[in-house]
Amino acid sequence: MSAKQIVYLNGDFLPIEEARVPVLDRGFIFGDGVYEVVPVYGGRPFRWAQHLARLERSLAKVGIANPLDTAGWTTLVDMLVARHPWPDQFVYMQVTRGVARRDHAFPKGVAPTVFAMTSEFPPVAPALLASGVSAISLPDERWLHCDIKSTSLLGNVMARQKAVEAGAAECVMFRDGFLTEGSASNIWVVRKGTVFGPPRDNLVLEGIRYGLMAELCERAGLPMELRRIVHAEVLAADELLLTSATKEVLAITELDGKPVGSGKPGPIWNRLHEAYQQARTA
Ligand code: PDD
């Protein structure tokens, strides 16, 4: 269903074509901002408190004062979602340091730019669920604050493009030989019935699905362990999974041109996918 897309910009709701940001916005000049992507199911933001808490953490880490309180963000997102007919949506929220003469140091007395938009969130394609996706291994060449959900995504953009040029959907990145994450997803290794993920530290964005995976694993009776994971363990995985707000949980069935495990989405993916579907409608 197509619908006119209304966005939020600095207090106003307006058609996306009419939304304008000055060229001196530090988001445009420096990538000086943070963002969130929140799935909305049946009109209700999923894991809202967690997404909002992460936005708060990202803002605090880059020294931007949160321009809205919890009630303000909640009202904004509810109003944005209500203006669109799609039952499932994903909301993108972005805060930049604001508009100022170009100078690297933080400007004083400048109001942050607040932007939010929502898009239709169609169900993840059945073909993707049935076959899984392919990925390539890449060195992680990003900075050392990947825990901040920053709009400075050039490293992620370059990595995703390499994957696409290799005919893959996502990359699986390694720093100093250890698994970090994908260009826009967290990566999970399944080995002998246990789900392994990299530690929550500055080298990965702690996806909201980190906490969710822990819950889903517990519910499904699956052991889960966060620890450093070497490349050889990823190559020897029985199953490889990726998670994100927009992809939910997907099987990676091919890595660097070779099948992962059986080459088909495996039984652990299947259980976690089912549990995810239950959680999102609960
Ligand atoms: N990205 N790691 C990176 C680098 C990401 O960009 C994302 C999500 C994740 C997963 O986080 P979560 O489970 O909270 O979605 C991990 C969003 C979807 C994006 O940039 O569009």
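Which residue has a backbone N or O atom that lies 2.8 Å from an oxygen atom of the ligand? In this predicted model, the residue in question is Ala 245, whose backbone, rather than its side chain, supplies the atom at that distance. Two further residues approach the ligand through their side chains: a polar side-chain atom of Arg 54 lies 2.9 Å from an oxygen atom of the ligand, while a polar side-chain atom of Lys 149 lies 3.2 Å from a nitrogen atom of the ligand. On its own the ligand has 480 Å² of accessible area, and the protein covers 90% of that area.

To see where this happens, begin with the largest pocket, which is where the ligand sits. The elements that each give two or more residues to the shell around the ligand are strand 3 (33–41), helix 6 (208–219) and strand 13 (239–244). Two domains also share in this shell, since domain 1 (6–120) and domain 2 (126–281) each contribute at least three residues to it.

Turning to the shell itself, 18 residues surround the ligand, and the closest are Tyr 35, Glu 181, Ile 208, Arg 209 and Ala 245. When the residues of the shell are sorted by character, six are nonpolar, eight are polar and four are charged. Ala 245, with which this account opened, therefore appears both among the closest residues and as the owner of a backbone atom 2.8 Å from a ligand oxygen.

Notes: Residues are numbered from 1 along each chain as its sequence is written. This is a predicted model: local features need pLDDT of at least 70, side-chain atom pairs count only at pLDDT 80 or more; totals for chains, interfaces and linings use all residues. Side-chain values use heavy atoms; hydrogens and water are left out. A residue is near a molecule or strand if one of its heavy atoms lies within 4 Å of it. A polar contact is a pair of N or O atoms within 3.5 Å; within protein, one must be able to donate a hydrogen and the other to accept it, and residues adjacent in sequence count only if both atoms are side-chain atoms. Accessible areas come from the Shrake-Rupley method with a 1.4 Å probe; for residues, only the protein chains shown count as cover. On a 1 Å grid over the protein atoms alone, a cavity is a set of points where a 1.4 Å probe fits but cannot get out, and a pocket is an open set with protein on both sides within 12 Å along at least five of seven lines; lining residues have an atom within 4 Å of a point. A molecule sits in a cavity or pocket if more than half of its atoms lie within 2 Å of its grid points. Helices (H or I, at least four residues) and strands (E, at least two) are DSSP runs, numbered from the N terminus. Ala, Val, Leu, Ile, Met, Phe, Trp, Tyr, Cys and Pro count as nonpolar, Asp, Glu, Lys and Arg as charged, and the others, Gly among them, as polar. Domain bounds come from an automatic or database domain assignment.
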